[in-house]
Amino acid sequence: MNRLDFEIIKNVIKENSRILDIGCENGELLKFLNKGKKIDGRGLEISQKNVNICVKHGLSVVQGDADKDLISYPSKSFDFVILSQTLQATHSPETVLNELVRISKYAIVSFPNFGSWLTRLMLLINGVMPQSKSLPHTWYTTPNIHLCTIKDFKKLCNKNSIKIEQSFYLNKNGKKIINPIINFFNNFFSTSGLFVLKK
Amino acid sequence: MLAHITYLSEEAFQRKFGRNLQNKLSLTYGFKTDFQVESYLKHQGQTFVDRFDANSYLYITRAMDYFDLPSQKKGGLKNIYKNTPVKFCVISFTSDWIYPTKYSKEIVDSLNAVRANVSFVEIQTDKGHDAFLLDEKEFNETVKGFLKATANKIGF
């Protein structure tokens with residue numbers, strides 16, 4: 001799934017831009033972006049173990065928490081900030097979202113779509129919290145405490161006057177949905193969404 | 001002796017010495033050396049006295065008292081780093097109680113505030129302040145990775 005997510009992000013990002021990858025884990029995306037493009041990439045990662053791996057690989061990464069530490073960055077510090085599959089795990093998604101668009105020119109946000117037909121069906125038929133490839137945890141072990149649908153997300157952006165510049169809808173294999181009809185009913189058909197935001 | 005205690009950590013002392021006795025089977029309840037840790041600290045203390053002039057410590061501690069980086073510029077610590085071209089790597093050790101992680105993070109925050117290029121790593125170790133002098137694998141690899149990437153960047 002991630003690989004394709006990465007490819008889309010790479011296409012969105014412009015040459016010579018300053019980037020912050022929030023929740024960069026072991027730096028896979030930063031390394032991927034470094035390969036094809038000239039970028040000034042930084043990372044913020046909550047797990048110290050992952051941070052150490054990143055720095056060992058020569059990446060500029062600091063240990064920190066998206067919920068608490070974005071405040072220390074001045075406005076428009078970055079051309080792009082990336083929050084890939086992490087928004088749903090933050091304590092305060094609305095605050096984080098506003099911080100993202102404050103510290104960057106463009107924010108790239110992706111998250112699993114809880115409104116996908118598969119999730120809806122699992123809940124409807126089985127009557128238990130859905131588990132899938134993009135939502136692999138049980139309800140009691142999941143870090144995803146703020147799951148939302150694509151529709152929910154758009155509403156939140158709207159409420160905060162955050163402009164959605166580009167939208168990508170992905171199927172369960174992480175592939176971009178091309179069929180225009182399926183694309184139109186994205187909240188029902190896509191497994192995850194990726195958005196480029198601006199304020 | 002007192003200073004030497006601060007270079008190590010509680011865990012390291014516990015692991016190395018515990019309440020082990022020095023060349024004896026039972027306590028003497030006197031003022032002579034009963035515990036291994038006493039003997040160790042006495043030895044370290046003596047080594048320091050032999051190696052360094054006590055006056056040099058007076059000068060060093062005074063210099064440290066007068067050192068006040070944030071006051072050098074208006075706006076404090078973050079303005080010290082403004083427009084810096086330097087690539088930073090801040091490293092702290094979990095059991096270092098002379099330079100705790102909290103203060104390292106303060107430096108990192110002020111570097112972020114001026115968009116400096118900074119990495120921050122905290123190394124898990126029980127070797128205390130002395131860890132940076134010892135063969136600490138995680139620490140060595142971090143420094144190696146950072147230097148290598150920086151050298152690559154400037155075409156070294």
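**A mixed sheet and its unpaired cysteines**

Start with A:Phe80, whose bridge partner in S5(A) is A:Tyr106. That pair belongs to a longer stretch: strand S4 (residues 78-84) and strand S5 (residues 104-112) of chain A run parallel and are joined by six bridges. Strands here are DSSP runs of E, at least two residues, and helices are runs of H or I, at least four residues, numbered from the N terminus; two strands pair if DSSP finds at least two bridges between them.

This is a predicted model, where local features need pLDDT of at least 70 and side-chain atom pairs count only at pLDDT 80 or more, while totals for chains, interfaces and linings use all residues. Residues are numbered from 1 along each chain as its sequence is written, chains are lettered from A and ligands numbered from 1 in the order in which they are written, and side-chain values use heavy atoms, leaving out hydrogens and water.

Now zoom out to the sheet. Seven strands of chain A line up as S3-S2-S1-S4-S5-S7-S6, an open sheet with mixed pairing. Its edge strands are S3 (60-63) and S6 (163-170) of chain A, each pairing on one side only.

What about disulfides (cysteine sulfur pairs within 2.5 Å)? The whole structure has zero over all chains. The sulfur of A:Cys24 has its closest cysteine sulfur in A:Cys54, but at 4.1 Å that is too far for a bond. A:Cys148 is in no disulfide either, with the nearest cysteine sulfur, that of A:Cys157, 9.2 Å away. A:Cys24 is buried (under 20% relative accessible area, 1.4 Å probe, protein chains only) at 4%, and A:Cys148 is buried at 15%.

Terms used
Disulfide = S-S within 2.5 Å. Buried < 20%, exposed > 50% of the residue type's maximum accessible area, 1.4 Å probe, protein only.
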